[in-house]
Amino acid sequence: MKTNHNINVNCEADVAFSFCLNVENWPSVFPPCLAANVISETQTEQVIDITAIANDSILSWTSMREIDRQARTISFKQTKPSPLLKYMQGTWQVNVQENGCSIELIHEFEVKEAVSGLVEGVETREQAHSYMLECIERNSNKELGAIKEAIEKQALSHEFEATMTLPYTKSAVFQLLRDAKHWPQLLPHCEEVQMHYQDHENQEFTMVVKVEDKEEKIRSIRKVEGGKISYFQPSPPPALLEHQGYWTVKEVEKGVEITSWHNIVVNADFWTDTAVDQAKAKIETAINNNSIGTMKAIDSSLKGTEHATA
């Protein structure tokens, strides 16, 4: 029996091929995959062990994979097939398309003659055949969809940071970053903060900030640990799909080094008239302006106080 599944992905073919090749990343990318280990690997061959959900069961198998990097093809054969199978083989094929690439996943298999008792609920060869077809259909679609989502999300992701050194004590600077409820009095871009929850290490609040000529409400969930404040926005502004980051305060020779790090995912639907790279640059500028504004506000607040180190 032979099956064929494919999907179009908006990325370069080599990027998609890398996702198909890097087996050890599969559990974090593919929903059905529970474990994946590379037993041995060369430029042209891989031996891998896979454990995955198959319908309502958990199956494991070992595969030999032949790699043709120039043709972007990975041919596989299960050397130790899952319980119902006499054999399983197939191909991953990545082809260049006008707007990105396509990923094709082919399976060829035959079930064993005697299958009763090997998998719960499967007693006949016909049931085994149906079981495997359903499994391949479900998992192939999930795997290809997960590759597409992961690659296209990666293309929209962007990391950046802003850093400033200030001549003050670590405790004084960190306290101002931690006390979000006082930000409207401290930060020029912060209009209001509504604190929903706070204990010694967790915070949840909504703040109203000025972004260029507009106001936006942003909800943040933060965790305070040592000299680091990590956060994420469960409902980021419309320009973003995701926004997470952290503040760190590190003692240096001339005081402290403050770093504001961000990891964002651009909302392509919001930036329909703007190239992704331009959208990333605009977002980085706007967020960094606020981060640097926060650092300058801390400088102004602590200037001339007993918290200066020099």
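Q: What makes strand E7 (residues 100-111) largely enclosed by the rest of the structure?
A: Nine of the 12 residues of E7 are buried, so the strand is largely enclosed by its surroundings. Buried means under 20% relative accessible area, exposed means over 50%, and partly exposed lies in between (1.4 Å probe, protein chains only). The model is predicted: local features need pLDDT of at least 70 and side-chain atom pairs count only at pLDDT 80 or more, while totals for chains, interfaces and linings use all residues. Residues are numbered from 1 along each chain as its sequence is written, and side-chain values use heavy atoms, leaving out hydrogens and water.

Q: How do you know that E6 and E7 pair?
A: Strands pair if DSSP finds at least two bridges between them, and strand E6 (residues 85-97) shares 12 bridges with E7, in the antiparallel sense. Within this pair, Gln93 stands opposite Glu104 of E7. The two strands are joined by a hairpin through two residues. Strands (E, at least two residues) and helices (H or I, at least four) are DSSP runs, numbered from the N terminus.

Q: How do you know that E1 pairs with E7?
A: Strand E1 (residues 2-9) and E7 form eight antiparallel bridges, which satisfies the requirement for pairing. His5 stands opposite Leu105 of E7.

Q: Why is one side of E1 and of E2 left without a neighbour in the sheet?
A: The open sheet has seven strands in the order E1-E7-E6-E5-E4-E3-E2, with antiparallel pairing. E1 and E2 stand at its edges with a single partner strand each, so each has one side without a neighbour in the sheet. Neighbouring strands are turned by 20 degrees against each other on average, direction ignored. Inside this order, E4 and E5 pair over seven bridges in the antiparallel sense, and Met64 has Lys77 in E5 as its bridge partner.

Q: What makes helix H1 (residues 13-21) a helix that packs on the sheet?
A: H1 touches strand E3 (45-54), E4, E5, E6 and E7, where contact means heavy atoms within 4.5 Å. The direction of H1 makes about 160 degrees with that of E6; axes are lines fitted to C-alpha atoms, for helices over the stretch in contact, and angles run from 0 to 180 degrees between N-to-C directions.

Q: Why is Ala35 called partly exposed?
A: The relative accessible area of Ala35 is 28%, which lies between the limits for buried and exposed, so the residue is partly exposed. Ala35 lies in strand E2 and touches Pro27, Asp49, Ile50 and Thr51, not counting residues up to four places away in sequence.

Q: Why is Leu34 called partly exposed?
A: Leu34 has a relative accessible area of 42%, so it too falls in the intermediate class. Leu34, in strand E2 (residues 33-41), joins Ile53 and Ile58 in a nonpolar surface patch of about 260 Å².

Q: Why is one side of strand E8 (157-166) and of strand E9 (190-198) left without a neighbour in the sheet?
A: Seven strands form an open antiparallel sheet in the order E8-E14-E13-E12-E11-E10-E9. E8 and E9 stand at the edges with a single partner strand each, so one side of each has no neighbour in the sheet. The twist averages 20 degrees from one strand to the next. E9 pairs with strand E10 (residues 202-211) over seven antiparallel bridges, and Cys190 stands opposite Val209 in E10.

Conventions: Patch = residues over 30% accessible without salt bridge, like charges linked within 9 Å, V, L, I, M, F, W, Y side chains within 5 Å. Areas by Shrake-Rupley, 256 points an atom, 1.4 Å probe, with all protein chains shown as cover. Salt bridge = Lys/Arg side-chain N within 4 Å of Asp/Glu carboxyl O.
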